[in-house]
Amino acid sequence: MKPAPFRLERPDTIQALCRALAKHGDSARILAGGQSLVPMMNFRLVTPEVLIDINRVDGLDYIRLDGDALAIGAMTRHVTVKESALVKANVPLIAKAYDHIAHVTVRNRGTIGGNLSHGDPSSELPAVAICLDAKFVVSSSEGNRTVRAAEFFKGMFETDVSPGEFLSEIRFPVAARNQRFGFDEFSPRHGDFAIAIATVALEMKGDTCVSASVVHGGVREMPGQVADAEAALRGKVVSGEQVALAAKATASIEPTLQNYHGDAAYKSDLLRALTARALSQAIGEG
Ligand SMILES: Cc1cc2nc3c(=O)[nH]c(=O)nc-3n(C[C@H](O)[C@H](O)[C@H](O)COP(=O)(O)OP(=O)(O)OC[C@H]3O[C@@H](n4cnc5c(N)ncnc54)[C@H](O)[C@@H]3O)c2cc1C
């Protein structure tokens with residue numbers, strides 16, 4: 001299978017990238033690691049007239065602490081994020097999720113920005129970004145704007161990046177000492193996309209949960225908070241009983257992504273079990 005003919009542009013500065021995006025508008029597509037885009041082009045699911053390859057653009061590949069955030073450049077490869085000591089020390093939930101993301105060859109090319117811009121509901125990082133209330137920096141020739149993760153994902157494979165714009169940076173809040181994190185998913189084979197995902201971030205005061213973020217993935221067109229599970233934890237001593245109650249509360253999320261991997265009832269059961277496991281992991285009993 002071959003892609004439809006396209007023109008290739010290879011800017012090497014952010015300014016040149018902005019000019020190319022402004023010039024070509026919605027006839028252009030950005031090429032990052034190509035791990036999702038190239039197969040889509042080969043199947044002719046997307047047929048861009050112009051491909052703007054951003055692999056040579058200077059200044060989009062970094063991981064650095066910036067105030068109370070860990071800033072990650074969009075072109076940072078999965079392998080670099082997965083192995084980063086800064087990530088492990090400051091945003092441990094990302095490190096937990098990376099245990100499940102893709103295979104080594106895919107991680108060597110794929111980028112964190114490409115992954116999040118792709119907006120796949122079965123992908124781990126969108127759920128993690130929402131769970132942590134990460135901020136997305138969207139750039140263009142007009143300047144930068146910052147979007148909260150929960151508003152960045154607009155639908156299945158749809159994000160808040162318009163023609164002429166690109167995702168330049170993702171800013172994850174540095175974990176506080178009293179925060180606890182958990183992540184679990186079920187996928188047919190290790191490294192495959194998830195059938196269901198549960199991820200949690202708890203702010204604790206002793207054994208009591210001060211605030212909770214519980215996020216589902218893989219079961220609906222977009223990942224999202226599970227408000228009822230969060231309410232079941234907030235202000236409570238988090239014990240096995242509370243974990244079971246919060247997990248049961250995920251029944252309020254109706255799975256709409258159904259396929260040969262599972263119907264709504266199966267995915268609902270999975271979400272309950274995975275949420276219980278992620279919570280147990282967070283409180284150190286998993
Ligand atoms: C066999 C296989 C298994 C995989 N398993 C998993 C998995 O378990 N979990 C998972 O999360 N992913 C998985 N992936 C996908 C992988 O993580 C890809 O790296 C990712 O989806 C896309 O990143 P990329 O850098 O390759 O982007 P590309 O494929 O280059 O681009 C993807 C899309 O994002 C757009 N884009 C890219 N960068 C930007 C940017 N900076 N700003 C705006 N738009 C941009 C492109 O135009 C395109 O529409 C798998 C892929 C394969 C092939």
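**Exercise 1. Find which residues of helix α11 are buried, and which elements they pack against.**

Solution. Work on the predicted model. Go to α11, residues 240-248. A residue counts as buried if 20 or more other C-beta atoms lie within 10 Å of its own. In α11, Val243, Ala246 and Ala247 are buried. Now look down the helix axis. The buried residues of α11 fall within an arc of 100°, so they line one face of the helix. Last, look for their neighbours. The buried residues of α11 pack against β13, α10 (227-233) and α12 (264-282).

**Exercise 2. Trace the sheet that contains β13.**

Solution. Start with the strand order. Four strands make an open sheet, β11-β12-β13-β14, with antiparallel pairing. Next, find the edges. They are β11 (179-186) and β14 (224-225), each of which pairs on one side only. Then check burial. Seven of the ten residues of β13 are buried, and the strand is mostly covered.

**Exercise 3. Match residues across β12, β13 and β14.**

Solution. Take β12 (196-205) and β13 (208-217) as the starting pair. Nine bridges join them in the antiparallel sense. Isoleucine 197 stands opposite glycine 217 in β13. The bridge partner of alanine 198 is histidine 216, also in β13. Step across to β14. β13 and β14 run antiparallel and are joined by two bridges. Here histidine 216 stands opposite glycine 224.

Now inspect the turns. The hairpin of β12 and β13 has two residues between the strands. Glycine 206 in that turn has a positive phi of about 65°. The hairpin of β13 and β14 has six residues between the strands, and glycine 218 takes a positive phi near 80°.

**Exercise 4. Name the residues that touch the most other members of the largest nonpolar core.**

Solution. The core holds 83 residues. Leu93 and Val200 touch the most other members. The largest share of this core, seven residues, comes from α12. Follow Leucine 93 outward, leaving aside residues up to four places away in sequence. Leucine 93 touches Val128, Cys131, Leu132, Phe181, Phe183, Thr199 and Ala201.

**Exercise 5. Describe the shell around the ligand.**

Solution. Begin with the count: 30 residues surround the ligand. The closest are Gly33, Gln35, Gly110, Gly114 and Ser123. Next, sort the shell by class. It has 13 nonpolar, 14 polar and three charged residues. Finally, assign elements. β2 (28-31), α7 (112-118), α8 (124-131) and β10 (166-173) each supply at least two shell residues. The largest share, five residues, comes from α7.

Key:
Residues are numbered from 1 along each chain as its sequence is written. This is a predicted model: local features need pLDDT of at least 70, side-chain atom pairs count only at pLDDT 80 or more; totals for chains, interfaces and linings use all residues. A residue is near a molecule or strand if its C-beta atom, placed from the backbone, lies within 6 Å of it. Ala, Val, Leu, Ile, Met, Phe, Trp, Tyr, Cys and Pro count as nonpolar, Asp, Glu, Lys and Arg as charged, and the others, Gly among them, as polar. Two strands pair if DSSP finds at least two bridges between them. A residue is buried if 20 or more other C-beta atoms lie within 10 Å of its own, exposed if 12 or fewer, and partly exposed in between; C-beta atoms are placed from the backbone. The arc is that of the directions from the helix axis to the C-beta atoms. Two residues are in contact if their C-beta atoms, placed from the backbone, lie within 7 Å. A nonpolar core is a set of buried Ala, Val, Leu, Ile, Met, Phe, Trp, Tyr and Cys residues joined through C-beta atoms within 7 Å.
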